[in-house]
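Let's learn to read a few features of a protein model together, one question at a time.

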Amino acid sequence: MNKTKQLSGAVILGIAQKNITLLVLVLLLVVSSILSPNFLTAQNIFNLFRQHSGTAIVSIGMLLVILTGGIDLSVGSIVALSGVLCAYFMQTMSLPLAILLTVLCACLVGTVTGYFVSFQKVAPFVVSLASMTAARGIAYIVSRGTPIAVKNPVILAFGKGSLLRIPFPAIAMILVVLAVSFLLKYTSTGRFIQAIGSNETSVRLSGIQVNRYKWLVYILAAACCALAGIISDGRAGVGSPNIAEGMELDAIAACVIGGASLSGGYGTASNTLIGMLILGLIGNIMNLMNIANYPQQVIKGVIIIAAVLLQKRKDS
């Protein structure tokens, strides 16, 4: 009988440790609903998804980079650049062409970053820091330092509209999560990406072109940033060079809270989404309680440290 109880307890503890991120999210939902009667309203929940969908998409792109053992500090600047370019292109050309050129320009930044990381062996931190500075500078040059108005009704509807009361940005976020989850779980490319982060030397000795896959993840991350920039245009009604400042830190935090290893090799898109929702919930409930922004930053920092410690304990 005692052995059965011990076995059951061990099983429950194992499940809890495996799903710690989800348990934290559920706990936050319960606490938030108690602290504020306005939290569980449909309007607040939908606004939460609409507000953080872009950051969640960027976080999924960041996850791909982190899985290879890299880091990309340029994602926030690429979002700003994409938003500015899309607004600028829409002034003189059709919407499909404007979106295509925006995505291509964002991917070009990711291509340059990925090339220096994968083929020139420059540290990801250094290269992405340079890309972050350059992309933000180009955004200011194109916009001349002022926001560019977005008047296209399709983009505005995409950013502010909904389908069956589900915001379009949230639908885009879900599609990206599903696509990356499929990539990582059911394709050889996804398995190679994760294997590179686990043991790059073994993967290289197996005859796999490691550099190409490391290059690819930076391009995919930039494409996610382009989508987030377009979403921002629709939500704000302008393409601004000032947006997404510090988004790279939120993206990294979402990955870490979601259980991804910064040394590479482990992480899931679904858990990264949960990590982003945890960050969003914290900010949302503190806004509802009229707590200033600075204490929010402190609390987010504490949560990130706690997530890292929990992950370390789980791995040990």
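A: A useful idea to begin with: two residues are in contact when they have heavy atoms within 4.5 Å. Keep in mind that this is a predicted model.

Q: With that in hand, which residues is Asn152 in contact with, leaving aside its neighbours within four places in sequence?

A: Setting those neighbours aside, Asn152 is in contact with Met90 and Leu95. You can find Asn152 in the loop between strand S1 (148-149) and H7. Sequence and space can also be read side by side: Asn152 and Gln91 are 61 residues apart in sequence, and their C-alpha atoms are 8.9 Å apart in space.

Q: Which backbone nitrogen does the side chain of Asn152 reach at 3.3 Å?

A: That is the backbone nitrogen of Ile155. The backbone nitrogen of Val154 is another partner, at 2.9 Å from a polar atom of the Asn152 side chain.

Q: Now for helices. At what angle do H7 and H8 pack?

A: To read such a pair, look at the angle between the axes: 65 to 115 degrees counts as roughly perpendicular. Here helix H7 (residues 153-160) and helix H8 (residues 168-186) pack at about 75°, and their axes are 5 Å apart. H7 and H8 are therefore roughly perpendicular to each other.

Q: Which residues meet where H7 and H8 pack?

A: From H7 come Ala157, Phe158 and Gly159, and they meet Phe168, Pro169 and Ala172 of H8. By class, this contact has five nonpolar residues, one polar residue and no charged ones.

Q: How many salt bridges does the structure hold?

A: The general idea is a side-chain nitrogen of Lys or Arg within 4 Å of a carboxyl oxygen of Asp or Glu. The structure holds two. In one, the side chains of Arg204 and Glu200 meet, with N to O at 2.4 Å. Both residues lie in helix H10 (residues 200-205), four residues apart, which is about one turn of the helix.

Q: And where does Lys214 come in?

A: Lys214 forms a salt bridge with Glu200, and their closest N and O atoms are 3.5 Å apart. This pair links distant parts of the chain, 14 residues apart: Glu200 is in helix H10, and Lys214 is in helix H11 (residues 210-236). Glu200, Arg204 and Lys214 are thus linked in a network of salt bridges.

Q: Is Lys214 buried or exposed?

A: A residue under 20% relative accessible area is called buried. Lys214, at 12%, therefore counts as buried. Its network partners are partly exposed: Arg204 has a relative accessible area of 36%, and Glu200 has 23%.

Note on methods:
Residues numbered from 1 in each chain as written. Predicted model: local features only at pLDDT ≥ 70, side-chain atom pairs only at ≥ 80, totals over all residues. Heavy atoms only, no water. Axes fitted to C-alpha atoms, helices over the stretch in contact; angles between N-to-C directions. Helix = DSSP H or I, 4+ residues; strand = E, 2+ residues; numbered from the N terminus. Parallel < 35°, antiparallel > 145°, perpendicular 65-115°, else oblique. Nonpolar A, V, L, I, M, F, W, Y, C, P; charged D, E, K, R; others polar. Buried < 20%, exposed > 50% of the residue type's maximum accessible area, 1.4 Å probe, protein only. Polar contact = N/O pair within 3.5 Å; in protein donor to acceptor, adjacent residues only side chain to side chain.
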